[in-house]
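Reader: Before we begin, I would like to see the model itself, and then to ask how its labels are justified.

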Amino acid sequence: MKTWKTSEPITGTAVLPGGMDQELSSLRSSFQGLDRTQLPADSFTELTFKQYAKHRIWSSGLAEQTNVTDTGVSSLSSWRAFTGANSVVGWMIAQQLTLVGHKGGNIMVNWSGNVLVSQFFALTVNSTFARNPNHIGLKIVVGGVVVAERIGPCSPHDTFQLTGTTFLPAGDPQAILYWSVTPNGPDDAFQDVTTNANLLRAHLYASKFFAIGRFR
Amino acid sequence: MSRLPGRTPLSELNSLSNADLNTRFTDFASATVAIDADNMRDGACDLPQYDAQQIVRPNGAQTVTIGPPDWNLVSNVVTTPLIAAPSAAPNYSVPVIDPTGTNPSIIDFGASGFTLTLVDLLRVSWALKVNSTWTGTPYDTAGALGQFDVVTPIPTTITVTDAFHGIPFYLEWDVTSNAKVNWVAVPGQTVFNDVFNIPTRGAVGGPIDECPATSVQPAWVSRGVNVDDGRMDDDAVYARGWRTLRGSWIYSPPLGVTVYGIRVVFKPALYHPCNALVSLKNCLAYDDIAGVNHTAYHQSGFLTAIVQRLG
């Protein structure tokens, strides 16, 4: 008995408040009379532990963004996607999902995918300030809190991976994946002057998301 | 008080003995029912009490280096010329080789393979140094994809290129046997070999909504020269130079499947965005005009696979 308890019975001595606390703490442990640190190592395996008790992984995919699917593009040489003529300024929601059954604790989010963003008008005569490449902006918001944000790729073809972590209370938080495109510059051309086809500006596709919630 | 079903809970004034406690240890260590909130609070356990392989499955994590390692980029795998007609050989793909420069570099799950179950998530990621060079100006040849017309200051109309060409890399796996000769694209992944009918010319390619395991190496990049209020002098096409191409894929199997190997391959040809193919889907279409005289290089990188339990 001495081996297993953090306190032991003592006879003939006045009970001290501290001793009682110790005894009660021990009794509130995982099972009667045992402190949780005294449980055997490797007691629980994936075969005996109920699913999602300790952690949970959510995953989701998005074939391609649908925020802007401009049909006025060249059918031969372009995707039906984000164009300068139909551009949207600011954050667009690429994908969202509810992390059902989050029991509270740490959560790690990971978003990866492919983008195309044109650099054709990245350096023009009248864009005299901050001649930055046109880039994709990326942001992950979970439960209303920005978990990760970055300036994304700036290349005709590229991939990205965005990872973040935070602590959340119990509940079913929403994970929202945002993307944005650098706004049009002052000199950008939007169309083929012969065919009037809108010029492809950006696209996001092959999007993959997963989150790992660790509940303790 | 936490307890497992079938065991009478301790009551007030009950005495505890070593035997009682040992019995309870045995209860938990050999539990035949799920340990859950009814018999054990999550917070009542400490990390040492969990099997360390709870999240990552035993033997479910592997990393291999791929491509010849050479930090100064001298020893490369050179693929030249890129093939002229990818439709000639169905599913023709080139595997990224191992650091010795001779064999395909693969994740090898051994003779028994690794069996993914419905509660697993397979995560694969990779990176590879890549480069592209070419001769001439094939992107300016009449009929090359990606061309559009702009107005010069004179004004007259000239044709320029968006240079959105790229070389697609994707993942293959072998789920047939340990022989590792039955490589197929991973589920949902196109092999960029669908035959389409682009107006005025045939073409092959793949829809980008079938590209979950694809990464595209940009062939080049272009920009307008002296662009002023939509008018410009010309375009200028530049090499992207050596860069690191990264890829990732996640897969939650709808059915159990045994995986013997995973590898990175690429399609040795230039593809360009297009939507003139099946059902106006966005696709990557092979460009037989711009894709000539092009040389692709790749070098060192890594390939990682992790199998995680969903919960």
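Reader: What does the secondary structure of chain A come to?

Author: In this predicted model, the secondary structure of chain A comes to 1 helix and 9 strands, and along the sequence these elements follow the pattern α-β-β-β-β-β-β-β-β-β.

Reader: Why is Met108(A) called partly exposed?

Author: Met108(A), which is found in strand β4 (residues 105–117) of chain A, has 16 other C-beta atoms within 10 Å. A residue is buried at 20 or more such atoms and exposed at 12 or fewer, so with 16 Met108(A) is in between and is therefore partly exposed.

Reader: Which residues is Met108(A) in contact with, leaving aside its neighbours within four places in sequence?

Author: With those neighbours set aside, Met108(A) is in contact with Thr163(A), Thr165(A), Ala211(A) and Ile212(A); the label rests on C-beta atoms, placed from the backbone, that lie within 7 Å. By contrast, Val125(A) is 17 residues from Met108(A) in sequence but 43 Å from Met108(A) in space, C-alpha to C-alpha.

Reader: What share of the contacts in chain A between residues at least 6 apart in sequence join residues at least 24 apart?

Author: Among those contacts, 74% join residues at least 24 apart, while 43% of the 216 residues of chain A count as buried.

Reader: How many of the residues of chain B, in per cent, reach a pLDDT of 70 or more?

Author: For chain B, 77% of the residues reach 70 or more, and the mean pLDDT is 84. Among the elements of chain B, strand β11 (residues 194–198) has the lowest mean pLDDT, 67, and strand β17 (residues 257–259) the highest, 97. For the complex, the predictor gives an ipTM of 0.85 and a pTM of 0.85.

Notes
Residues numbered from 1 in each chain as written. Chains lettered and ligands numbered in written order. Predicted model: local features only at pLDDT ≥ 70, side-chain atom pairs only at ≥ 80, totals over all residues. pLDDT = per-residue confidence, 0-100. Helix = DSSP H or I, 4+ residues; strand = E, 2+ residues; numbered from the N terminus. Contact = placed C-beta atoms within 7 Å.
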